[in-house]
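User: I have a protein model to study and would like to go through it step by step. Can you show it to me, and then take my questions?

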Amino acid sequence: AAVMAGEALSLVPDVQIDGDGVFKYVLVRVRGAGAPAKDVVRGHGWAEYHGEGRRECGVELWPGGAEGSGRGPRGRAGACRGCECLGGGRVSHRPEERKIHVYGYSVGFGRADHAVTTEKLKAAYPDYEITWADEGY
């Protein structure tokens, strides 16, 4: 079961953010049953509150899972019950300049470790200039 959970976690994208604009993000630790934890970044302009990014992580946790069903491959539970929000902030994504800036904090979840978020973003966007700061909301 731990091997299957680890394989399923490897299918979860490390980063899912909007392609342009300024938006809230969360850093979420995802755990599979008996598998090592994995930190993922979720950021979307439609999320009015940081918690919506965390909930979205659960809906899309298992690729191919039915929207909102909490079910993943072969009907396995895939909801974010094994998720822990590590904090949040904001992302400024400027694709025309190939720049991403991470900053600020979440009122509800606190400040994410922007250094961890930045490393995840650098892996997903290797040809971008990616910076972070603790200042700002």
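Analyst: Here is a predicted model. Of the protein's 137 residues, 44% count as buried.

User: How many helices and strands are in the protein, and in what order do the elements run?

Analyst: The protein has three helices and six strands. Read them off starting at the N terminus. The order is α-β-β-β-α-β-β-α-β.

User: What share of the contacts with a separation of 6 or more comes from residues 24 or more positions apart?

Analyst: Take the contacts in the protein with a separation of 6 or more. Then pick out those between residues 24 or more positions apart. Their share is 61%.

User: What part of the accessible surface belongs to carbon and sulfur atoms?

Analyst: Start with the total, which is about 7000 Å² for the protein. The part belonging to carbon and sulfur atoms is 52%.

User: Is Val-30 buried or exposed?

Analyst: Val-30 sits in strand E2, which covers residues 21–30. Its relative accessible area is 1%. Buried means under 20%. Val-30 is therefore buried.

User: What distance separates the C-alpha atoms of Val-30 and Cys-83?

Analyst: Along the chain, Val-30 and Cys-83 are 53 residues apart. In space, their C-alpha atoms are separated by 4.5 Å.

User: Which feature does UniProt place at Lys-24, and is Lys-24 buried or exposed?

Analyst: Lys-24 is also found in strand E2. An unreviewed UniProt entry places the feature "binding site" there. The relative accessible area of Lys-24 is 15%, so compare that with the cut-off of 20% for buried residues. Lys-24 is buried.

User: Why do the buried residues of H3 line one face of the helix?

Analyst: Helix H3 spans residues 114–124, and its buried residues are His-114, Thr-117, Thr-118, Lys-120 and Leu-121. Look down the axis of H3: these buried residues line one face because they fall within an arc of 160°.

User: Which residues are exposed on the other side of H3?

Analyst: We have just looked at the buried face of H3. Now turn to the other side of the helix. The exposed residues there are Glu-119 and Ala-123.

User: Which strands are included in what covers the buried residues of H3?

Analyst: The cover includes strand E1 (15–17) and E2. It also includes strand E3 (38–44) and strand E4 (83–94). To these add strand E5 (99–103) and strand E6 (129–132).

User: What does a side-chain oxygen of Asp-113 reach at the start of H3?

Analyst: Asp-113 is at the start of H3. A side-chain oxygen of Asp-113 comes to within 3.1 Å of its partner atom. That partner is the backbone nitrogen of Ala-115.

Note on methods. Residues numbered from 1 in each chain as written. Predicted model: local features only at pLDDT ≥ 70, side-chain atom pairs only at ≥ 80, totals over all residues. Heavy atoms only, no water. Helix = DSSP H or I, 4+ residues; strand = E, 2+ residues; numbered from the N terminus. Buried < 20%, exposed > 50% of the residue type's maximum accessible area, 1.4 Å probe, protein only. Contact = heavy atoms within 4.5 Å. Areas by Shrake-Rupley, 256 points an atom, 1.4 Å probe, with all protein chains shown as cover. UniProt positions renumbered as here; feature names shortened; annotations may be inferred. Arc of directions from axis to C-beta. Polar contact = N/O pair within 3.5 Å; in protein donor to acceptor, adjacent residues only side chain to side chain.
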